[in-house]
Amino acid sequence: MRRRRKLDEEHDNHERWLVSYADFITLLFAFFVVMYSLSSVNEGKYRVLSDSLVQAFRNVNVNDSGEQIVLPKVSIAPSQPITRPAPPALDPAVEQRRQQAAQRMRNMADEIRRVLSPLTGSGQVNVTEGAFGVSVEINASLLFAPGEAALGTNAVSALQAVAQVLAPAEFPITVEGHTDNVPISTFRFPSNWELSAVRASTVARLFIDNGVAPPRLTAAGYADQRPVADNADEEGRGRNRRVTILIESRMADPEGTAGPTSIPPDDPIRSILPEDPQG
């Protein structure tokens, strides 16, 4: 008996772990095969199944007693593209008046360039046209002495020529005075605000004296708050000292009468405007 047990011990298989390892590898291979098959879903069949499930759940309802009620299938028409209404046709008369006003504005700009041609060549005067009208930018050195608001003789003759072009028209005019950022403190001009405002008023008064209707004019002083160049050097400060004349086409009345623009009673902007004490 003792010898037999000894023989059994000598014939034990020490590589039995390979069986378990092979089983594990087989199961792992099967696992990855299953995962690969699940990842390769037929998109068409999956979509059919999804639509069927959604349609089935839509057609099933539950009553108060808990019983399911199958609703009749409702066919949904395909969505129609949204058609935007065509913009209203422009009134030919209104369009004709607008084109005539635009042509008058272009003619006025050309005439201003002509009368200021001796100055525009030096770059001290710039006449530009835009969507909102014509802008005439004149360097302040051509109009005023430093720190003063009295027009020079040459400036008066040039502005009178501009006023003769502006007088027959109906467009509103805004005269803007601008300065550099160098402070000024004199008896007449405590700051650049007063200097810029008085310079703009001086030009506006000359226009009135030469036939431009006063209701068309607005004078505004902006001091150094709207620079067109850097005030760090003298060249930039020289460009910022200027008077700008804006001829505004966007407010022109097609009938040829200038006046304040009326606001409709239902316009939302009326809610932020102060009430007129006179009604």
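**Close-up views of a predicted model**

**View 1. A nonpolar patch on the surface takes in Trp17, Leu18, Tyr21, Phe24, Ile25, Leu28, Phe31, Phe32 and Met35.** Together these residues offer about 940 Å² of accessible area. As with every view here, please keep in mind that the model is predicted. A good residue to start from is Phe31, which belongs to helix 2 (residues 17-39). Phe31 has a relative accessible area of 46%, so this member of the patch is classed as partly exposed rather than exposed, a class that begins over 50%.

**View 2. Arg216 is a buried residue without a salt bridge.** Look for Arg216 in the loop that runs between helix 7 (192-209) and strand 6 (217-221). Which side chain of opposite charge is nearest to Arg216? That is Glu170, and it is 6.8 Å away. A salt bridge calls for a nitrogen and a carboxyl oxygen within 4 Å, so a separation of 6.8 Å leaves Arg216 and Glu170 without one. The side chain of Arg216 does have a partner in the backbone, though: one of its polar atoms lies 3.0 Å from the backbone oxygen of Leu166.

**View 3. Ala223 combines a positive phi with a buried position.** The residue sits in the loop between strand 6 and helix 8 (234-240). Its phi is about 50°, although Ala223 is not a glycine. Most residues other than glycine have a negative phi, so a positive value is worth a second look. Is Ala223 buried or exposed? Its relative accessibility is 1%, and because buried means under 20%, Ala223 counts as buried.

**View 4. Asp233 reaches from a loop to the backbone of Gly236.** Asp233 is found in the loop between strand 6 and helix 8, the loop that also holds Ala223. Where does the side chain of Asp233 reach? It comes to 2.8 Å from the backbone nitrogen of Gly236, a residue within the span of helix 8 (234-240). Asp233 itself has a relative accessible area of 40%, so it counts as partly exposed.

**View 5. The protein chain as a whole, for orientation, has 8 helices and 7 strands.** Of its 279 residues, 25% count as buried. The chain exposes about 20500 Å², with carbon and sulfur atoms supplying 57% of that area. Among contacts between residues at least 6 apart in sequence, 64% join residues at least 24 apart.

Notes:
Residues numbered from 1 in each chain as written. Predicted model: local features only at pLDDT ≥ 70, side-chain atom pairs only at ≥ 80, totals over all residues. Heavy atoms only, no water. Helix = DSSP H or I, 4+ residues; strand = E, 2+ residues; numbered from the N terminus. Buried < 20%, exposed > 50% of the residue type's maximum accessible area, 1.4 Å probe, protein only. Lys, Arg positive; Asp, Glu negative; His and termini not counted. Polar contact = N/O pair within 3.5 Å; in protein donor to acceptor, adjacent residues only side chain to side chain. Contact = heavy atoms within 4.5 Å. Areas by Shrake-Rupley, 256 points an atom, 1.4 Å probe, with all protein chains shown as cover. Patch = residues over 30% accessible without salt bridge, like charges linked within 9 Å, V, L, I, M, F, W, Y side chains within 5 Å.
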